[in-house]
Amino acid sequence: MNKNKLIILAGPSGVGKGTVENILFADEKLKNILKLSCSATTRKARQNETDGIHYYFISEEDFLKKIENNEFIEWNKHFNNYYGTLYSEIKKINKEGYLPLLEIETVGALNIMKYYNDKNKKNAVISIFLAPPSLDELKTRIKNRGTENQDEIDIRIRKAEEEIAEMDKFIHKIVNDTPEKAAQKIKEIILKEIEEKDE
Ligand code: 5GP
């Protein structure tokens, strides 16, 4: 099995990436293969979010220092906060023998694809875009989540439109009709990719 790869699970905020991931990580087979990459962010922790599990919650000053020290494989500023994937996180997961799963938005995802492409390691990236059944459905999901105010909701919806416009740049596109079905399709993709392309 080839675990020298990484998986990007991208898709707009509110599409249900978290729910799909919970199903993936509860799967008996996948939980021995995958590990969720913990990103760094300057966003404040929501209720039920734990530092070092959901994110490394750091100050803007610390984040900017890490950018300067080239500690991020990718980073982006969206929704007024910085988000980024640390090289150290990917290395740690690889060292533990797992396949990192990065749950990030599209700009960061495209930057990682470019990074590996430039290193002639395009095949190391399994890129998956999780799309909503429709934009209206996404708007309802973000509103019902109740974690953002109206201005924040509007910003997330505008960004969602930009992200959906880029979905063809991803190898795999999955519509999240139901999280169970989407997770099943993602499971099949992951198992096929790591088994078939073993080098
Ligand atoms: P949230 O604030 O809802 O946790 O995340 C907002 C968006 O940031 C989501 O689309 C999420 O996928 C994305 N995100 C989370 N971590 C990272 C990261 O490390 N890099 C980038 N580029 N986006 C991230």
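**Close-up views of the ligand site and the aromatic groups**

**View 1. Polar contacts between the ligand and side chains of the predicted model.** An N or O atom in the side chain of His78 lies 2.8 Å from an oxygen atom of the ligand. For Glu103, an N or O atom of the side chain is found 2.6 Å from an oxygen atom of the ligand, while a nitrogen atom of the ligand is 2.7 Å from a polar side-chain atom of Glu74. On its own the ligand has 510 Å² of accessible area, of which 96% is covered by the protein.

**View 2. The shell of residues around the ligand.** Strand S5 (72–78) and strand S6 (81–86) are the elements that each contribute two or more residues to this shell. The ligand is surrounded by 17 residues, among which Arg43, Tyr55, Tyr83, Glu103 and Glu105 come nearest. Sorted by class, the shell is made up of seven charged, six polar and four nonpolar residues.

**View 3. An aromatic cluster.** Four residues, Phe63, Phe72, Trp75 and Tyr82, make up one aromatic cluster, and the structure as a whole holds eight aromatic pairs.

**View 4. Charged side-chain ends placed over aromatic rings.** The ring of Phe79 has the charged end of Arg156 sitting over it, at 4.0 Å from the ring centre. In the second example, the charged end of Lys35 sits over the ring of Tyr98, with a distance of 4.3 Å to the centre of that ring.

Note on methods
Residues numbered from 1 in each chain as written. Predicted model: local features only at pLDDT ≥ 70, side-chain atom pairs only at ≥ 80, totals over all residues. Heavy atoms only, no water. Near = heavy atom within 4 Å. Polar contact = N/O pair within 3.5 Å; in protein donor to acceptor, adjacent residues only side chain to side chain. Areas by Shrake-Rupley, 256 points an atom, 1.4 Å probe, with all protein chains shown as cover. Helix = DSSP H or I, 4+ residues; strand = E, 2+ residues; numbered from the N terminus. Nonpolar A, V, L, I, M, F, W, Y, C, P; charged D, E, K, R; others polar. Phe/Tyr/Trp six-rings, centres within 6.5 Å; stacked < 30°, edge-to-face > 60°. Lys NZ or Arg CZ within 6 Å of the ring centre and 35° of its normal.
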